[in-house]
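Trainee: I am new to this structure. Please show me how to read its sheets, helices and contacts.

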Amino acid sequence: MTGAGWLFLFSVLVAAGLLFTMVFFIIMFSDLECDYINPIDLCNKLNQFVLPEHIVHAFLTLCFLLSGQWIAFIINAPLLAYNANKIRLGNHMYDATEIFRTLPNHKKESFIKLGFYLLSFFYYLYRMILALIAEGE
Amino acid sequence: MASPGPQQLPPGWTAEWEPTHQRYLFIETATGQTSWEPPVVDPELAPSSSPAPAAHHAKRRQYAAGQTQAYYGAGDNLNGGGYGGAAAPPQPGQLFTPGLAAENQFQQQQQQQQQPMGGQPPYYGAAQEPEYINAPQQPMYGQPQAQMNNLADQFGQMNMGQKGHRLYTTNLLTSPPDPRELSQPPPEIVLPPNSCVSPSPFANADHTYQRCTVNAIPTTNSLLKKSNIPLGLVLTPYRSLKEGDEPVPLITDTVIARCRRCRTYINPYVQFIDGGNRWRCCMCSLSNEVPQLFDWDQVRNQPGDRWARPELNHGVVEFVAPTEYMVRPPQPAVYIFLIDVSHSAIQSGMVATATRTILENLDRIPDENGRTRVALIAFDTSLYFFSLPAGSTESSMLVVSDVEDVFLPKPTDLLVNLSEARASLESLLGRLGDMFQDNHIIGSALGPALQAGFQLMSSIGGKIIVLSASLPSVGVGALKNREDPKILGTSKESGLLQAASPFYKTFAIECSRAQVSVDMFLFSAGYQDVATLACLPHYTAGQTYFYPAFNARTEDAIKFAHEFGSVLAQPIMLEAVMRVRASKNLRMSSFHGNFFVRSTDLLAMPAVPQDLSYAIEVQIEDTITAPFVVFQTAILHTTCYGERRIRVVTTAFPTTSNLSEVFASADQVAIATLLANKAVERCITHKLEDARDALFNKAVEILQAYKASMTAAGAGASAQLAISENLKMLPVLVLGLLKNVGIRQSAQIPPDLRAYAQALLTSLPAQLLMPYTYPNFYSLHNMPPECGTVGEHGVIMPPPLPLTSERLERHGLYMIEDGQTMFLWVGRDAVPQLVVDVFNLPSYEVLRGGKTTLPILDNPFNQRINAIIQKTREMRRGPYWPHLYIVKEDGEPALRLWALSCLIQDRSDVLPSYQQFISQLKDKVNGGNY
């Protein structure tokens, strides 16, 4: 298997991981809405995952850049910029005092990210298969 | 003023004493119309109008009596049928059916109501403009009386059958705001007949406890959207009791009937069914069993009268809670004082004033059963703990200079019982100022001090009272001076109003969990970052007090001692959670005020101080089919006397599907309060401009909605700016908010003052918020002779003037007060005799502007003015003690401008005058539809 094949196999796994993180976030938000969890615990729990998620995604994007996978890089660049901007402004963490006011936005964001990871998962899968076929020929 | 008593009124009118303005407010009971002028008796119409209001009252009383009789099977007619058989006498032994007794009576009342309408043509008849839909075929002015009567009949028919709200349209361009309107009660809540099981006038909570922005709730969300009025509740559940206020009835028998499904507490709006064995919840219509002991008088051990139970007769009640409502035995009240003893605090005299005030108020701290505990921690860049062994007068100081990792130097004797350690505490408080007399340390370890206080009390909970005079600079929570005059007035300014350090938020959450509440008293002369420090009281349900550039040698000491003393003396609720329940299809969507939102609708408040206001936005989720809806606020709390209680505040509002009624029942004061809260939130999350735009646009939207649906102009352009009579003050209140220190466009307001003003805007109850946005302005040199003397209801206040400097005369003496400060404006040509009389000074030239106390002299004019000042300081709820500033017309410009900035109807800098503002509104209202 060539480099591209390995890279996309790796990205498929990462995308699946990120996908599950987002599902977890959304489940936690709906738990909060149904009053199964209090905002303090929720924020403590979710904040552990915020930075790892951003770092993993940034690492994946970097891999695409370094290996010259331009299309995959361009697809991921906007999200990377969005995350970086949030960290720069210092509002990437969930704030327990504001969570109820901002909950609809957080949910929307998580859903959009979920969709994005899902689509990119299939894209990476497609590219992986493509790379494998190209290798076979 | 020779106020006629109620006995001289024409029938159908009642007089209600209005304490703020020291005069009677005249109310026509049938229509709910109010007036400041005594109504004129019309000999012809008086007889016909008299039965209407009488029947109105009789109906409710008779109905309930009937209900009681029906329930107990008693036969005799209690009310003696004094109203011409207007109501069918209750059938003995038969179960009461709602709607039976009062129906035909109501129709009679209706017919009678229409007649007296013609009796007061001057009130609305003249104000009618031909353009409005309300009066399509209105004759031109000066038509004979008969025409007016016809018109009145038309009104009567337009009135949607039964409800009491009539829409009176006024033109904002021609009717200037009348300051007296603000203290009028909100539009009456006219519930459909038979909605309440009690005849008591207290069945609905007083509007000072809980009020809604509209007193007739629209049935659908689209109707609400059409009116553009924000729907919300404004609450002050823990309102203080002033003299003459009804105390909150207490239910001690721990029989607490609640709905099984929605957990609503039983209230006057439930329905008893099944022979009185079950009750139907007024929110979710579930039928519940009446508890067995509900009809049992446990004190006398005999069957009791169900209808006498306070929870069925009062909108505000307190239940003593049984053990199921406790997670632990009721805690004692705990007060921990964190006193800044750094150089600046000592120099300003803050420490001396604070210790003296605590000493003087030790007796007033709530401690009825000797459980209250106190601790004292002083801090500069180190922490100083004081060990106060019980029963001795000795105390020892323990210094902890390691502020990185705070620990308690001693396990016991730091947090002591107030009554046991009284002697040592008194001696310590007496010496504390001297102990640090020569302290030259600059800097403050506020964060570590807070952590230490928290460690001391975290197992119990209670109140931390912080007195700090400098920017925290050491240890956790250290803050940087981020005040930058260059960014004031720019879009970056809102950054200065956000918390600079996450510590004050995360620590607030920890406090909220451990039931610790923090009050901040801030005194700095320089930048202190009030915005960040205020987070702590904000999320722990405390309150921030700010004394910029405090100096104990001036009147500051009196102000601070008075306010600090009242805060110490006021009873507090501890370990409280608040929840607001509402009828089906209504949902509390967002919350404003000082608390931590612990779940979607549960507000955690470690300690609830008195007279703090909270605002809640309400959403209509689906069509409401019920004829009325109920809002119920319940606070489960521990009193500072060690009793677990539930305070329940219930208000019912009728619903309506009629847009004109939504407008006619709108409460401008509640709307302004809600808008203030929303604007402040916007200032912090967005930008200050956004908040101002949002305020202005809301006013435009409401006016547009009114014009489009309630006037004949519809969507087209109009020469008028129409709004209903009861919303007449809304534009000027919005203008007042736009000109408030917290929101105003200016590059000169220090961020500390802004942050403090915003803290006030979100926490003041309506009674204090209204003068804060629309100050009171009195002319003193030519006030009527009875003003300032003691009348029937205390000191008589002068009539308020509109807030414009046109009213300032060069020889006059004026007072402008906004509840937080008072200005005594002296004109430059003030008569020497006036200066002598009031200030005991030979001439105007010798008079000095600034903070002052007026001398008490032996002449009637001085005494009257002193009485007015005294009254202004006392007449409102809350601990605030306004400063008195003397402002000379040609004196210090800063002070003059400050005083003039209270006259909000004037133009100042870039901010429009009232006239300009109204024409801006008009342009927008007309322009938006092209």
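Trainee: Which strands of chain B does helix 17 lie across?
Mentor: Keep in mind that this is a predicted model. Helix 17 (residues 668-685) of chain B lies across strand 5, strand 7, strand 24 and strand 27 (614-620) of chain B. The helix runs at about 95 degrees to strand 7 of chain B.

Trainee: In what order do strands 5, 7, 24 and 27 of chain B stand in their sheet?
Mentor: The general idea comes before the case. Strands of a sheet pair through backbone hydrogen bonds, either parallel or antiparallel. Here the order is 5-7-27-24 in chain B, in an open sheet with antiparallel pairing. Strand 5 (210-212) and strand 24 (586-592) of chain B are the edge strands, and each pairs on one side only. On average, neighbouring strands of this sheet are turned by 25 degrees against each other, direction ignored.

Trainee: Over how many bridges do strand 5 and strand 7 of chain B pair?
Mentor: Strand 5 pairs with strand 7 (residues 232-235) of chain B over 3 bridges, in the antiparallel sense. Look for B:Cys212, which stands opposite B:Leu233 in strand 7 of chain B.

Trainee: Which strands make up the open sheet of 5 strands in chain B?
Mentor: Read them in the order 31-34-35-37-36. The pairing in this sheet is mixed. Strand 31 (776-779) and strand 36 (850-851) of chain B each have a single partner strand, so one side of each is left without a neighbour in the sheet. Strand 31 of chain B pairs with strand 34 (residues 813-817) of chain B in the antiparallel sense, over 4 bridges. B:Phe777 stands opposite B:Ile816 in strand 34 of chain B.

Trainee: At roughly what angle do helix 19 and helix 25 of chain B cross?
Mentor: Compare the two axes. For helix 19 (residues 730-738) and helix 25 (residues 914-927) of chain B, they come within 11 Å and cross at roughly 110 degrees. The two helices of chain B, 19 and 25, are therefore roughly perpendicular to each other. Helix 19 of chain B passes helix 25 of chain B in a right-handed crossing.

Trainee: Which residues make the contact between helix 19 and helix 25 of chain B?
Mentor: Helix 19 of chain B brings B:Pro731, B:Val732 and B:Leu735. Helix 25 of chain B brings B:Tyr914, B:Phe917, B:Ile918 and B:Leu921. By class, this contact has 7 nonpolar, no polar and no charged residues.

Trainee: How many residues does the contact take from chain A and from chain B?
Mentor: It takes 10 residues from chain A and 11 residues from chain B. On the side of chain A that touches chain B, helix 2 (39-66) and helix 4 (99-136) of chain A each supply at least two residues. The residues of that side of chain A divide into 4 nonpolar, 2 polar and 4 charged.

How values were computed
Residues are numbered from 1 along each chain as its sequence is written. Chains are lettered from A and ligands numbered from 1 in the order in which they are written. This is a predicted model: local features need pLDDT of at least 70, side-chain atom pairs count only at pLDDT 80 or more; totals for chains, interfaces and linings use all residues. Two strands pair if DSSP finds at least two bridges between them. Axes are lines fitted to C-alpha atoms, for helices over the stretch in contact, and angles run from 0 to 180 degrees between N-to-C directions. Angles under 35 degrees count as roughly parallel, over 145 as roughly antiparallel, 65 to 115 as roughly perpendicular and the rest as oblique. A crossing is left-handed if the near helix is turned anticlockwise from the far one by less than a right angle, and right-handed if clockwise. Two residues are in contact if their C-beta atoms, placed from the backbone, lie within 7 Å. Ala, Val, Leu, Ile, Met, Phe, Trp, Tyr, Cys and Pro count as nonpolar, Asp, Glu, Lys and Arg as charged, and the others, Gly among them, as polar.
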